[in-house]
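Reader: I've got a protein open on my screen and I'm not sure how to read it. Could you walk me through a few features?

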Amino acid sequence: MKRAGADEAVDQTENSSQESGESQGVRSVQRALDILALLTETQPTVSISDIVKETGLAKTTVIRLAQTLEQNGLLWATPKGYMAGPGLWRWAHLAKQSWELPAETTQLMRELGDRQRETVNLYVLRDVYRVCVAQQESPQSLRHVVRVGDELPLWAGASSKVLLRDASAALLTRIARSSPDGVEHLPALQATVTEAAEQGFAFSHGEREAGLSAVAVPIVSAAGTVVAALSLSGPTVRFPDDRISEFVDDLKSVAARMAERGFAHPFAG
């Protein structure tokens, strides 16, 4: 019996050690990603002191992580600090191939933007966010612009309402919790999602940003599930009620033509 107890103690120690090692590994990966996330178009280079300040990590930890990222080609040391490394080119090329819109779809979005003179966005669902995967900017000087790759919350906005048509109750609850009103926002969120599903479109006025409006429709797969949201967005002053129906008709027509491609996700050829 004593031997069995000793074996169990050893097993527990080994399992605890393994879990601790895995936890540390995940934490290191997250820290490395946090460092890479500091690089932006407006901040293409970051210094060690910048990283320490932004992440709150110890300088020795930052140096170790930066050196590891550099050794793997993900960062490149310069006199002014670290910039994106050449190793990212391979991933960028792969992402471009996987996520680039077919020429026909791009043309449809461009023509839609030219007709309605508002910004056209294409969003897909990712966890509790909607990700902008394509955009055609409005030709007007006053316009709404979201960068491709931006993650926006799902608790508000026209595109969110149509993207969540097939969402589970658990996901809707998580999204509500992430909103400014917390889980109390759940009934309102469920109501707007249901309304959008019944209407086949959704619109929003100032829900996420004051003075910003949007109209969105779903793009569906051959199986009938929502795979993306196609939207028009711009200043609220250019989205009066009498234009909503015009926007919706045009959006639905374009979305139907995109759906005719029979894709399972927005960019399947």
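Author: Let's start with a single residue in this predicted model. Thr-173 sits in helix α7, which covers residues 169-177.

Reader: Is Thr-173 buried or exposed?

Author: The way to tell is relative accessible area, and under 20% counts as buried. Thr-173 has 18%, so it is buried.

Reader: And which residues does Thr-173 touch?

Author: When you look for contacts, set aside the residues up to four places away in sequence. For Thr-173, that leaves Val-183 and Leu-186.

Reader: Let me try another one. Where is Ser-204?

Author: Ser-204 is part of strand β7, residues 202-205. Its relative accessibility is 5%, so Ser-204 is buried too.

Reader: What is Ser-204 in contact with, beyond its neighbours in sequence?

Author: Leaving out anything within four places, the list is Gly-157, Ala-158, Lys-161, Leu-212, Ser-213 and Ala-214. Chain distance and distance in space are two separate things to check. Take Ser-204 and Ala-156: they are 48 residues apart along the chain, and their C-alpha atoms are separated by 8.1 Å.

Reader: What about the protein as a whole?

Author: For contacts between residues at least 6 apart in sequence, 56% join residues at least 24 apart. The protein has 269 residues, and 39% of them are buried. Its secondary structure consists of nine helices and nine strands.

Reader: Can we look at a helix? How far apart are the end C-alpha atoms of α5?

Author: They are 20 Å apart. You can check that against an expected span, using 1.5 Å a residue: the 14 residues of α5, 103-116, should span 20 Å, so the two agree.

Reader: Which residues of α5 are buried?

Author: Thr-105, Thr-106, Leu-108, Met-109, Leu-112, Gly-113 and Gln-116. These buried residues cover an arc of only 160 degrees around the axis, which means they lie on the same side of α5. On the face turned away from that buried side you'll find the exposed residues Ala-103 and Asp-114.

Reader: What covers the buried residues of α5?

Author: The cover includes strands β4 (119-126), β5 (129-136) and β9 (226-235), along with helix α9 (241-259). One more detail to find: after α5 comes Arg-117, with a positive phi near 60 degrees.

Reader: How do I read a nonpolar core?

Author: Ask which members touch the most others. The largest nonpolar core here has 26 residues, and those touching the most other members are Met-109, Leu-122, Ile-219 and Leu-230. Elements giving two or more residues to this core are α5, β4, β5, β8 (212-220), β9 and α9. Helix α9 gives the most, with seven residues. There is also a second, separate core of 23 residues, and Leu-164, Ala-176, Ala-214 and Val-226 are among them.

Reader: Last topic: cavities. How many are there of 30 Å³ or more?

Author: One. The volume of the largest cavity is about 150 Å³. To read a cavity, look at what lines it. Here 17 residues do, and the closest to the centre are Arg-130, Gly-157, Ser-204, Leu-212 and Ala-214. So that's Ser-204 from earlier, back again.

Reader: And which element gives the most to that lining?

Author: Strand β8, with three residues. The elements that each supply at least two residues are β4, α6 (158-163), β8 and β9.

Conventions:
Residues are numbered from 1 along each chain as its sequence is written. This is a predicted model: local features need pLDDT of at least 70, side-chain atom pairs count only at pLDDT 80 or more; totals for chains, interfaces and linings use all residues. Side-chain values use heavy atoms; hydrogens and water are left out. Helices (H or I, at least four residues) and strands (E, at least two) are DSSP runs, numbered from the N terminus. The expected span of a helix is 1.5 Å times one less than its number of residues. Buried means under 20% relative accessible area, exposed over 50%, partly exposed in between (1.4 Å probe, protein chains only). The arc is that of the directions from the helix axis to the C-beta atoms. Contact means heavy atoms within 4.5 Å. A nonpolar core is a set of buried Ala, Val, Leu, Ile, Met, Phe, Trp, Tyr and Cys residues joined through side-chain atoms within 4.5 Å. On a 1 Å grid over the protein atoms alone, a cavity is a set of points where a 1.4 Å probe fits but cannot get out, and a pocket is an open set with protein on both sides within 12 Å along at least five of seven lines; lining residues have an atom within 4 Å of a point. Grid points are joined across faces, edges and corners, and a volume is the space filled by probe spheres set on the points.
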